[in-house]
Structures are given as C-alpha cells and as structure tokens.
Amino acid sequence: MNDQNLLTALQTGSEQGYKELVDLYQEKVLNICLGYFPVYQDAEDLTQEVFVKLFETIDNFRGEASLSTWVYRVAVNKCLEKLRYRKRGKRMAFFQSLIGLEEHASHVASNFDHPGVTLENKERTQLLYQHIERLSEKQRTAFILHRMEGLSYQEVANIMEVTVSSVESLLFRAKQNLKKTLRHYYEKQMI
Amino acid sequence: MDKPRQDIEAEIERTLSTAEDIERVSGNPFLYTRIQERMRQGEARSTHRKGAVWSLAFAILLLLINISSAVAYYQKSVRADQAAGIEAIASEYGLDAQESWEY
C-alpha cells in the first residue's frame, strides 16, 4: 500500500489501514520515544499514545507533508508534551525535597532501561542521556532526530518546521552545550 | 595540551559517539491490540465522563430551581407582611388609605 492508498484507508476508518500504519511506523515511533525517554515501558506507553493521537487526528491531515513526516511530527510533539508534564512534576518534587518530603533525582539516572544499549556502553550512554536532558527542547529534538535516528538535515527540518540552516545551528549548539557540560562533569571527576 | 585535558577531551568524544552506537529497538508484535484496548478504554472513560457531566448539570439545575423558588417565596411573604403591617397601623390610627385620598 503506498502513502496515498494508506491515507485513504485511514481516512475512511479502515481497520486494515490502522494496522498497516502501526506495522509501518511502530519501530520509528518507539525509537523516537526512547530517544526522549530511555525507559522501555515509558517509551512503549508513549508509542501507544502517539498512535491513538494519529488515529484521532487523521482527518486533520491535509497531505502538505509526507505521511512519515507527519507521523514523526506527532511523535515528537507527544514526547515534548510528556517532557513538559514531567518537568512540572519535577518542579513539585524539587520543592517537596526542599521541605524534606521527597528525594529529588534525575529520571534518567534512576530508571535508565534502554534495550538498544549494550551492557558495556550502558554507563556512558546513561551519562550522555543525563546531559541531553539539560538541552533546550529544540536542540534536544534536532540531536535525537539526526544523531540517534539518523535522519538527514532536510528531514529534520521538515519535521521541526524550520529551515535546514536552523537545524545545522541547533545541532552545532547542542554539541557545544553537551561538550561543555560533559567537560564540567569529567573535570569534577578528576579532582 | 596537557595530558589530563587530552584525556577529558577523549572521554567527551567517546561519550558523544555512544549516540550512534545505540541499536534500533524493534516494535512489540502486540502493539496494535494494545492500542485498540487503549482506545476502547478511552471511549469508555469519555462516556463515563459525559454521564458525570450530565449528572452534575442536572444537580446544579435542581439547586438553582430550589434557590429561585425559595427567593420568590421569601419576597412574597415579605410583601404580605408589609401590607399587613400597613393595614394594622392604619386601622390603629383610624386611617383609611382609600378614604384619605378621596378628600
């Protein structure tokens, strides 16, 4: 089934169309979600939410972008939504920790469970994720889509609805910021 | 560049390169069934929520009807009390409102 046929099937509410969309994109969506939330169960729950959102909003898809760009865009937006929700929770936890109610810890540090990371790389990847968490939403998205998902600058630009030069700039700043925070971390380790 | 600084830079590069070493994770074969279940639960929740909203709206409507009836009854009884009071004063002083206007 090509994109147009799949879209027609989805817009007419065909069960086969829904199943085909899940089969085609579930791996991509799951890996994007793991890029933001390296905890398998969380990423799988989020993948389900992304597909529910896709099915609910399929009628709004006008075909201005390709189906894959649209799927990626919905997945990224859902991850960012979840991230903001978590940040609000973290702020509450921080205030609770100030008054001694609860321990404040990084979500990645305490729950890291990424099935795509080998045991020998686990510690180092976990460290990288902890530092990715500190990037701005846009830098983080550009980094995940390009460096982890392997998408081209043009594809990242289409998904983020920015220009290719903006993507280049976001990636450059993301790398600089990661290097800066990692340097600070390793310098502290050496003392 | 001194040795510790070189070591740090090498560590940073190795850590950054792990982003490309992460293997692709394949999807769950039962994902579609789970999504269907989730959508069913969502619909059930939505129906339940709609029911709760209608119940709340009905309760508020009943409350408003009760309050407006109570206010109307109170105003009516105050007006009756006032009229009775005026009549009582008029009769006590031997006044008749209708007659006094005739003069």
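## A walk through chains A and B

Start inside chain A: ten residues of its domain 1 are in contact with seven residues of its domain 2. Keep in mind as you look around that this is a predicted model. To colour the two parts, select 1–115 of chain A for domain 1 and 134–191 of chain A for domain 2, following the domain assignment.

Now zoom in on the face that domain 1 of chain A turns to domain 2 of chain A. Which elements give two or more residues to that side? Select α2 and α4 (67–98) of chain A, and you have them. α4(A) supplies the largest share of that side, with five residues. If you colour this side of domain 1 by class, you'll get six nonpolar residues, three polar ones and one charged.

**Next stop: chain B**

Bring chain B into view. How many residues of chain A are in contact with it? There are 31 on chain A, and they meet 25 residues of chain B. To see where the chain A side comes from, select α2 (15–36), α3 (40–57), α6 (122–132), α7 (137–148) and α9 (164–190) of chain A; each of these gives two or more residues to the side that touches chain B. Colour that side by class and you'll find 15 nonpolar residues, along with eight polar and eight charged.

**Two helices up close**

Hide everything but α2(A) and helix α2 of chain B, residues 31–92. A pair of packed helices is described by the angle between the axes and by how far apart the axes are. Here the angle is about 125°, and the axes are 10 Å apart. Why is α2(A) called oblique to α2(B)? Because an angle of about 125° falls outside the ranges for roughly parallel, roughly perpendicular and roughly antiparallel, it counts as oblique. Turn the view a little and follow the crossing, in which α2(A) passes α2(B) in a right-handed way.

Show side chains for the residues that meet here: Lys19(A), Val22(A) and Gln26(A) from α2(A), and Leu31(B), Tyr32(B) and Ile35(B) from α2(B). By class, this contact has four nonpolar residues, one polar and one charged.

**Last stop: a loop**

Finally, select Glu161(A), in the loop between α8 (153–160) and α9 of chain A. Most residues other than glycine have a negative phi. Glu161(A), though, has a positive phi, near 55°. Is Glu161(A) buried or exposed? Glu161(A) is exposed, because 10 other C-beta atoms lie within 10 Å, and 12 or fewer counts as exposed.

Note on methods: Residues are numbered from 1 along each chain as its sequence is written. Chains are lettered from A and ligands numbered from 1 in the order in which they are written. This is a predicted model: local features need pLDDT of at least 70, side-chain atom pairs count only at pLDDT 80 or more; totals for chains, interfaces and linings use all residues. Two residues are in contact if their C-beta atoms, placed from the backbone, lie within 7 Å. Helices (H or I, at least four residues) and strands (E, at least two) are DSSP runs, numbered from the N terminus. Ala, Val, Leu, Ile, Met, Phe, Trp, Tyr, Cys and Pro count as nonpolar, Asp, Glu, Lys and Arg as charged, and the others, Gly among them, as polar. Domain bounds come from an automatic or database domain assignment. Axes are lines fitted to C-alpha atoms, for helices over the stretch in contact, and angles run from 0 to 180 degrees between N-to-C directions. Angles under 35 degrees count as roughly parallel, over 145 as roughly antiparallel, 65 to 115 as roughly perpendicular and the rest as oblique. A crossing is left-handed if the near helix is turned anticlockwise from the far one by less than a right angle, and right-handed if clockwise. A residue is buried if 20 or more other C-beta atoms lie within 10 Å of its own, exposed if 12 or fewer, and partly exposed in between; C-beta atoms are placed from the backbone.
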